[in-house]
Amino acid sequence: MNQSNYEFVKQNVRELLSELPEGVELVAAAKQQTPEKILAAVEAGVKIIGQNYVQEAVSAFQVIGRRVSWSFIGHLQKNKVKKAVEIFDLIETVDSVELAEEINKRCATAGKIMPVLIEVNSGREPQKFGVWPEKVEELARAIIQFPNLRLQGLMTMGPFEGDPEEARPYFKETKQLFDHLKSLNLPGAEIKILSMGMTNSYRVAIEEGANRVRIGTRIFGPRE
């Protein structure tokens, strides 16, 4: 990676970190980025790397290792769980009891407790992953039965592009769900992370209560 790309990434991270309100965590969404670019983000102050694909995470992890925390933010296939459990510190996209069960099983073998978030399909879009809002509490109650999982909150995507204001109702509803889950005082759960918003919508997400944002393009530039 040439020096100007390296400085571009570092500058973007510094600007973002100075702009985010206190208490809001930045996840650098590193889909299709080289380990070198990710390393530049880390050197500029990124503490959490988000990966959509286990295979990409493996190569980045070999370069960066445990200097940062690793969050899985893509759709996790059951046949990739074993490897995911080795690398990731948090899985943000649990959307079924079957997936929760598989993560629990692999964590039990590895002697690990995995923090997880429930992925909410807040737009109720059939083509997208995530559990519909009506089913969140039911899934939460199932997850807390697994001894090697720790439920820590919710994640939602919202629409990918278009006017960020259009995402506001989805973020608002997910925040209400988050507050509801918190009020249930589910045994073994620690409902504290609300992961919402990406490059085009993170400001609106923060206004609606997000305390974690997943940002890629604003850090790394458009994917080629």
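I took helices and strands as DSSP runs, with at least four residues for a helix and at least two for a strand. On that basis I found 9 helices and 8 strands in the protein chain. I note that the model is a predicted one.

**Overall form.** I looked up the radius of gyration and obtained 17 Å. The globule rule gives 17 Å for 224 residues, so I recorded the protein chain as being as compact as a globular protein of that length. Along the principal axes, I found that the C-alpha atoms fill a box of roughly 50 × 40 × 30 Å.

**Contacts and burial.** I considered contacts with a separation of 6 or more, and 60% of them join residues 24 or more positions apart. I then checked burial: 52% of the 224 residues are buried.

**Surface and charge.** I computed an exposed area of about 10500 Å² for the protein chain, with 50% supplied by carbon and sulfur atoms. I counted 29 positive and 30 negative charges, and their mean positions lie 5 Å apart.

**Nonpolar cores.** I noted 67 residues in the largest nonpolar core. The members that touch the most others are Ile49, Leu76, Ile103, Ile118, Ile143, Leu154 and Ile219. I followed Ile118 further, setting aside its neighbours within four places in sequence. Its contacts include Val94, Val131, Val136, Leu139, Ala140 and Leu151, together with Ile143 and Leu154. Glu92, Gly153 and Met155 are also in contact with Ile118. Apart from the largest core I recorded another, of 6 residues, and Met155 is one of them. Leu90, Met157 and Met198 are also among the residues of that other core.

Key
Residues numbered from 1 in each chain as written. Predicted model: local features only at pLDDT ≥ 70, side-chain atom pairs only at ≥ 80, totals over all residues. Heavy atoms only, no water. Rg over C-alpha atoms; globule rule 2.2 N^0.38 Å. Buried < 20%, exposed > 50% of the residue type's maximum accessible area, 1.4 Å probe, protein only. Contact = heavy atoms within 4.5 Å. Areas by Shrake-Rupley, 256 points an atom, 1.4 Å probe, with all protein chains shown as cover. Lys, Arg positive; Asp, Glu negative; His and termini not counted. Charge placed at Lys NZ, Arg CZ, Asp CG, Glu CD. Core = buried A, V, L, I, M, F, W, Y, C linked by side-chain atoms within 4.5 Å.
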